[in-house]
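Me: I have a structure to work through and would like to go over it piece by piece. Could we begin with the sheets?

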Amino acid sequence: MMRAWAFLLPAAMAAAGWPVPAAAQPAYPSKPVRIISPFAPGGGNDALCRIVAQKLAEELKQQVIVENRAGANGIVGTEIAARSAPDGYTIVLIPSGHAVNATLYRKLTFESIKDFAPITLAGSSPLVLAVHPSLPAKSVRELVALARARPGQLTYVSAGVGASGHLGGALFEALTGTKMVHIPYKGMAVAITDLMSGQVSLTFGTSLSVIPHVHSGRIRALATTGAQRSPALPDLPTVAEGGVPGYEASLWYGFVGPARLPPEIVRRLNSAIVAVLGLPDVRARLASQGVDPQPTTPEEFARLLASDIERWAKVIQRAGIQPE
């Protein structure tokens, strides 16, 4: 009976919301860990989740499950993670759009910083500025000149209002003094199809959606949008190199847990994920997706999130972007 009581007491204390003595807690992790991907299967977020999860299971010596909870530009899955128990068994891979949503959606049911415990940045991936081959612009400078000569005539497509491609285009307009027309789609697949057919002029598209069609010659890449050149397209200049100083609009992905996640669990997850991101085969697989692994400390990731919320808030407000 004493042994049974010793086993049941910690569980009863946890269920009642009372603190459980450290000596009574099983070593973490003692059961499967869930990673929420707040987007549908098949996209960049989902691919990164699954690449990391496979090796993370080996590192933690515990099963790691990827659960897709798509909806509302990543908000649905992120909210589930925010409301989960802060025990390390539910984490979420947020994209840089998390920083955008903080300003774009005024009635979020969670605080974009306060309700999360940063674990580590996972990696970044630039967008690709690409045009239809018929467009008479073969460089960023030529595109800027063309857009200035044809105000309101060039069209650029994205996966939706507030999506990375939309913000990338808005930032481009702000820094170049140009005016183009944004056409939002429900996903990049149809948007890229219309770009290849010449119905629209250009896109600031994700590497995953654009690079295969650049290689096939059906669209022409002018630049990538990162601070440095992309390993996937090393011969292509950045937008900043192409004549728009200060331009940088990379996607990033990072792991967070719910707020009040114990520091020792944050450290355990950080060390495990950082180790996974350093594996040569993981780095090679991510590179094939156009993702550059960039693990950080939790504190570094927290600073990146705060600075991106501030930066994109200015772009959204200046461009007058409203959610659909």
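Reply: One open sheet has 5 strands in the order β7-β6-β8-β5-β9, with mixed pairing; two strands pair if DSSP finds at least two bridges between them. Helices (H or I, at least four residues) and strands (E, at least two) are DSSP runs, numbered from the N terminus. This is a predicted model, in which local features need pLDDT of at least 70 and side-chain atom pairs count only at pLDDT 80 or more, while totals for chains, interfaces and linings use all residues. Residues are numbered from 1 along each chain as its sequence is written, and side-chain values use heavy atoms, with hydrogens and water left out.

Me: Which strands stand at the edges of that sheet?

Reply: They are β7 (181-184) and β9 (220-224); each has a single partner strand, so one side of each lacks a neighbour in the sheet. From one strand to the next, the twist averages 30°.

Me: How many bridges join β5 to β8?

Reply: There are 5 bridges between β5 (residues 127-131) and β8 (residues 202-206), and the two strands run antiparallel. Within that pairing, A130 has T203 in β8 as its bridge partner.

Me: And which helices pack there?

Reply: Helix α8 (residues 207-216) packs on the sheet and touches β5, β8 and β9. Its direction makes about 120° with that of β8. Helix α6 (residues 164-176) lies across β5, β6 (155-158), β7 and β8, at about 145° to β6. Contact means heavy atoms within 4.5 Å; axes are lines fitted to C-alpha atoms, for helices over the stretch in contact, and angles run from 0 to 180 degrees between N-to-C directions.

Me: Next topic, the sheet with 6 strands: what is the order?

Reply: The order is β2-β1-β3-β10-β4-β11, in an open sheet with mixed pairing. Its edge strands, β2 (64-68) and β11 (292-293), each pair on one side only.

Me: How do β1 and β2 pair, parallel or antiparallel?

Reply: Strand β1 (residues 33-37) pairs with β2 in the parallel sense, over 5 bridges. I36 has E67 in β2 as its bridge partner, and S37 stands opposite N68 in β2. Between β1 and β2 the chain passes through helix α2 (residues 44-60), giving a right-handed β-α-β crossover (with the strands pointing away from the viewer, the path from the first strand over the helix to the second runs clockwise).

Me: Is S37 buried or exposed?

Reply: S37 is buried, because its relative accessible area is 0% (buried means under 20%, exposed over 50%, partly exposed in between, with a 1.4 Å probe and protein chains only). Not counting residues up to four places away in sequence, S37 touches N45, D46, C49, V66, E67, N68 and R69.

Me: Back to α2: at what angle do the axes of α2 and α9 cross?

Reply: They cross at roughly 125°, and the axes of α2 and helix α9 (residues 263-277) come within 9 Å. The two helices are therefore oblique to each other (under 35 degrees is roughly parallel, over 145 roughly antiparallel, 65 to 115 roughly perpendicular and the rest oblique). In α2, V52, K55, L56, E59 and L60 meet residues of α9, including R268, L269 and A272.

Me: Finally, where is H98 found?

Reply: H98 is in helix α4 (residues 97-104). H98 counts as buried because its relative accessibility is 4%. Leaving out residues up to four places away in sequence, H98 touches T78, F110, S112, F116 and L305.
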